[in-house]
Amino acid sequence: MNAFKNIFKKEKSNIIVECFENQIKINGSVVTFPTNLDVLSKILGEPDRSTRRKTSYIYSWDDLGIYINSASASFVLWLNFLISKNNHQYGNTVPKKLFTGVVKVNGKEINYQNTEDIKLGNLKLRNLTWEGKNIPYAFYIGGLPDEKPIPKDKYFIKKTNEDIIEFKDFGFKISIIQVLMYDKELLKPKFDLYEFVKWYPNRKIDIEEEGYNPIPEVTQYFKDLPIQKSLAKEITEIYQDGGDEIYLQLLRFGDGTENYWDIESVEDANHFPNLKKAILCYAKDIVLGDFKNLGISTSWL
């Protein structure tokens, strides 16, 4: 029976990655970024493990030394290749073996353990280090597709004549933004971190360098963003989850242990008369009881 099953098991062979302008090939198969887990599984076989982190999933191909770290299996921006056990960021969630395949750029094999960033049109090959260490633990290949020009005023905070909710608690506010902007798509524009940093006119923001901490300009955008009182009736439930879009916009490479957005006060609940339920993961302990005292059914995620 085992021999029969092995007929259908994808052979773990050496990996050849070929990089061209705006195109990546893995063992001859073209991978277009953003890609998804199904596409990668057809080329690499099914991943050996998946690990749920608070803000993302890690899918690992243990024998190949390849993994992805993504908020969604359907939207994978880059593919990671483990080249050193000097990995302090994801611990034992990454592959058990190192990547030993061949990487070529425009037909020429490169030493991927010691290379500068390589621009490939809209794609990139880049070494990853942890906390500024000189020894890379992995490199990634991937990036964003061509995009339409971003309107110059897209992320300007526009004045409104409508009455605005005055929030006391930032953690509470972003829980509301998740519902209105990403769940119900009533709050415009829908904020996209990668688009925002391309649009931002005052300085160059490098997500790969700065995305391990809240980016001040991004945080300030959400603090300044007005929410009209007319939208308050739409809020019947708050459901916090570390994988929510709002948290991935505020901190791209978080590990789920952050407390930047903990709800500290339920005072803002008074603006939302239809709020009847709250499922929490970013909140101070006392908040649970305070919500319940307001007649709002509340529990931890």
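The dialogue below walks through confidence, nonpolar cores, cysteines, cavities and one loop residue in a predicted model.

User: Before I read any local feature, what average pLDDT does the chain have, and which residues stay under 50?

Analyst: The chain averages a pLDDT of 88, and 92% of the residues score at least 70. The stretch to treat separately is residues 1-12, where pLDDT stays under 50 and for which the model has 11 contacts beyond four places in sequence.

User: How many residues does the largest nonpolar core have, and which of them have the most contacts inside it?

Analyst: As a general idea, nonpolar side chains in soluble globular proteins tend to be buried together. In this model the largest nonpolar core has 64 residues, and those with the most contacts inside it are Phe172, Phe191, Phe196 and Phe222. Two or more residues come from each of several elements, including β7 (78-82), β12, α4 (193-199), α6 (216-224) and α8 (285-293), while α3 gives the most, with nine residues. There is also a second, separate core of 31 residues, which includes Val17, Ile66, Leu125 and Ile141.

User: Taking Phe222 as an example, which residues is it in contact with once its neighbours within four places in sequence are left aside?

Analyst: Phe222 is then in contact with Phe170, Lys173, Ile177, Met181, Tyr182, Phe191, Ile246, Gln249 and Leu250.

User: Turning to cysteines, how many disulfides does a search of the whole structure find, and is Cys19 buried or exposed?

Analyst: A disulfide is a covalent bond between the sulfur atoms of two cysteines. Here the search of the whole structure finds zero disulfides. Cys19 counts as buried because its relative accessibility is 0%, and Cys281, with a relative accessible area of 16%, is buried because that value is under 20%.

User: How many cavities of 30 Å³ or more are found, and which residues lie nearest the centre of the largest?

Analyst: The search of the whole structure finds two cavities of 30 Å³ or more, and the largest has a volume of about 90 Å³. Its lining is made up of 12 residues, of which Trp78, Asn80, Tyr90, Leu128 and Phe253 lie nearest the centre. The elements giving two or more residues to that lining are β6 (66-70) and β7.

User: Finally, where is Phe156 found, and why does it count as partly exposed?

Analyst: Phe156 is found in the loop between β12 (138-143) and α3 (170-183). Phe156 counts as partly exposed because its relative accessibility is 48%, a value between the 20% and 50% cut-offs. Although Phe156 and Tyr221 are 65 residues apart along the chain, their C-alpha atoms are separated by 8.9 Å.

Terms used. Residues are numbered from 1 along each chain as its sequence is written. This is a predicted model: local features need pLDDT of at least 70, side-chain atom pairs count only at pLDDT 80 or more; totals for chains, interfaces and linings use all residues. Side-chain values use heavy atoms; hydrogens and water are left out. Helices (H or I, at least four residues) and strands (E, at least two) are DSSP runs, numbered from the N terminus. Buried means under 20% relative accessible area, exposed over 50%, partly exposed in between (1.4 Å probe, protein chains only). A nonpolar core is a set of buried Ala, Val, Leu, Ile, Met, Phe, Trp, Tyr and Cys residues joined through side-chain atoms within 4.5 Å. Contact means heavy atoms within 4.5 Å. pLDDT is the predictor's confidence in each residue, from 0 to 100. A disulfide is a pair of cysteine sulfur atoms within 2.5 Å. On a 1 Å grid over the protein atoms alone, a cavity is a set of points where a 1.4 Å probe fits but cannot get out, and a pocket is an open set with protein on both sides within 12 Å along at least five of seven lines; lining residues have an atom within 4 Å of a point. Grid points are joined across faces, edges and corners, and a volume is the space filled by probe spheres set on the points.
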